[in-house]
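The following questions and answers introduce a structure to a reader who meets it here for the first time. Please consult the sequence and the model while reading.

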Amino acid sequence: MGYGWLIWGSAAAGLALVTCATGGGGKGEGGSGNTGAGDLGGVGGVGGVGGATGGAGGAGGQGGPPCTGLPCKLVDPQCGCPTGERCVFQDSKKTCAPEGDKVASEACENDCKAGMLCLDANEGAGSLCHDYCIDDDDCDAPGGMCLMSVTGLGPEKLCTHNCDPVSAAGCLDPSSKCEIFTLSADPTAKLTQCVGFGTGTQGTTCTTTDDCGKGLGCFTDGTVTECYTWCMVNQPSCPVGQCTGFQTPMMLGTVEYGVCVAT
């Protein structure tokens with residue numbers, strides 16, 4: 001099965017990030033009947049007659065609308081497959097397969113949960129689960145974007161991973177880290193993705209971002225390309241140097257990111 005990546009680039013004034021990216025419903029439950037209770041008779045009188053019998057159960061709800069996908073729907077919530085199975089794109093077609101238990105950004109071998117595809121994104125992190133999507137609203141904000149195209153599939157695509165480059169939160173595979181990318185077509189659009197990482201530390205010469213360790217990206221400052229540590233400008237926690245923002249602010253949602261630069 002082939003995958004076609006939407007190619008993205010990454011650049012910012014001052015430091016420039018160097019990357020290697022290429023880019024039907026169930027029936028409702030019936031209502032409960034009510035059981036009447038008899039009144040207590042007066043003093044010396046005969047006890048009251050018991051209340052009426054319980055009411056009949058409510059009518060079951062009608063089934064949901066027919067499945068919008070043929071033979072099944074990929075984007076969560078899925079439909080069209082039996083219980084315990086999920087809709088997948090396999091061998092260039094939609095089909096039902098046993099549901100897995102891996103979630104987005106976990107390492108996988110075709111064992112993701114429903115609504116996801118196990119994909120090797122060629123970023124050095126191996127195969128990870130990605131959510132199927134139609135548009136960005138199907139992805140986790142602010143870093144998840146519906147950009148990753150799959151050859152032969154449409155209009156569905158795959159979400160990038162929503163994660164934090166400083167802590168790698170959101171990247172559940174221990175062999176991956178989080179990176180921020182800028183779309184070549186729209187420099188204001190930022191996304192995140194879980195990628196592989198290397199052994200490079202602060203100041204180590206690098207060629208691509210996966211040469212650098214967790215929490216670091218590969219940036220060019222003038223003529224020098226080195227690993228720099230990611231940081232949040234408003235909550236700096238640099239092990240060395242000072243958290244410095246980019247000339248064009250690197251915003252992801254409401255958070256501005258920068259890198260640690262020696263003073």
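**Backbone, charges and contacts**

Q: Does Ala168 count as buried or exposed?
A: In this predicted model, the relative accessibility of Ala168 is 10%. Buried means under 20% relative accessible area. Because its 10% falls under that cut-off, Ala168 counts as buried.

Q: Where is the place of Ala168, a residue with a positive phi although it is not a glycine?
A: Most residues other than glycine have a negative phi. Ala168, in contrast, has a positive phi of about 70 degrees. Its place is in the loop between E7 and strand E8 (177–182).

Q: In which sense do strand E2 and strand E3 pair?
A: Strand E2 covers residues 85–90 and strand E3 covers residues 93–98. Arg86 has Ala97 in E3 as its bridge partner. Over 6 bridges, the sense of the pairing is antiparallel.

Q: How many residues lie between E2 and E3 in the hairpin?
A: E2 and E3 form a hairpin, and Asp91 in its turn has a positive phi of about 55 degrees. Ser92 also lies in the loop between E2 and E3, and its phi is near 65 degrees. The number of residues between the two strands is 2.

Q: Is Ser92 buried or exposed?
A: Ser92 has a relative accessibility of 58%. Exposed means over 50% relative accessible area. Because 58% is over that cut-off, Ser92 counts as exposed.

Q: Which residue follows Asp76 across a cis peptide bond?
A: Most peptide bonds are trans. The bond that starts from Asp76 has omega near 0 degrees and is cis. The residue on its other side is found in the loop between strand E1 (15–17) and E2. That residue is Pro77.

Q: What is the omega of the cis peptide bond from Gly154 to Pro155?
A: Pro155 lies in the loop between strand E6 (146–148) and strand E7 (157–159). The bond from Gly154 that leads to Pro155 is cis. Its omega is near 5 degrees.

Q: Which charge marks the surface patch that includes Asp76?
A: Asp76 lies in the loop between E1 and E2. It gathers in a surface patch with Asp135, Asp136, Asp137 and Asp138. The charge of this patch is negative.

Q: How far apart in sequence are the parts that Lys94 and Glu156 tie together?
A: Lys94 forms a salt bridge with Glu156, with the closest N and O atoms 3.0 Å apart. Lys94 lies in strand E3 and Glu156 in the loop between E6 and E7, so the parts that the pair ties together are separated in sequence by 62 residues.

Q: Is Glu156 buried or exposed?
A: The relative accessibility of Glu156 is 8%. Because 8% is under the 20% cut-off, Glu156 counts as buried.

Q: What is the N to O distance in the salt bridge of Lys177 and Glu179?
A: Lys177 is buried, with a relative accessible area of 0%. Glu179 also counts as buried, at 0% relative accessibility. Their side chains meet in a salt bridge with an N to O distance of 3.3 Å.

Q: Which residues are joined into one network by salt bridges that share partners?
A: Lys102 forms a salt bridge with Asp101, the closest N and O atoms being 3.6 Å apart. Lys102 is partly exposed at 23% relative accessibility, whereas Asp101 is exposed at 55%. The network joins Asp101, Lys102 and Asp111.

Conventions:
Residues are numbered from 1 along each chain as its sequence is written. This is a predicted model: local features need pLDDT of at least 70, side-chain atom pairs count only at pLDDT 80 or more; totals for chains, interfaces and linings use all residues. Side-chain values use heavy atoms; hydrogens and water are left out. Two strands pair if DSSP finds at least two bridges between them. Helices (H or I, at least four residues) and strands (E, at least two) are DSSP runs, numbered from the N terminus. Buried means under 20% relative accessible area, exposed over 50%, partly exposed in between (1.4 Å probe, protein chains only). Patches are made of residues with over 30% relative accessible area and no salt bridge: like charges are joined within 9 Å, nonpolar side chains (Val, Leu, Ile, Met, Phe, Trp, Tyr) within 5 Å. Accessible areas come from the Shrake-Rupley method with a 1.4 Å probe; for residues, only the protein chains shown count as cover. A salt bridge is a side-chain nitrogen of Lys or Arg within 4 Å of a carboxyl oxygen of Asp or Glu. Lys and Arg count as positive and Asp and Glu as negative; His and the chain ends are not counted. The place of a charge is taken as NZ of Lys, CZ of Arg, CG of Asp or CD of Glu.
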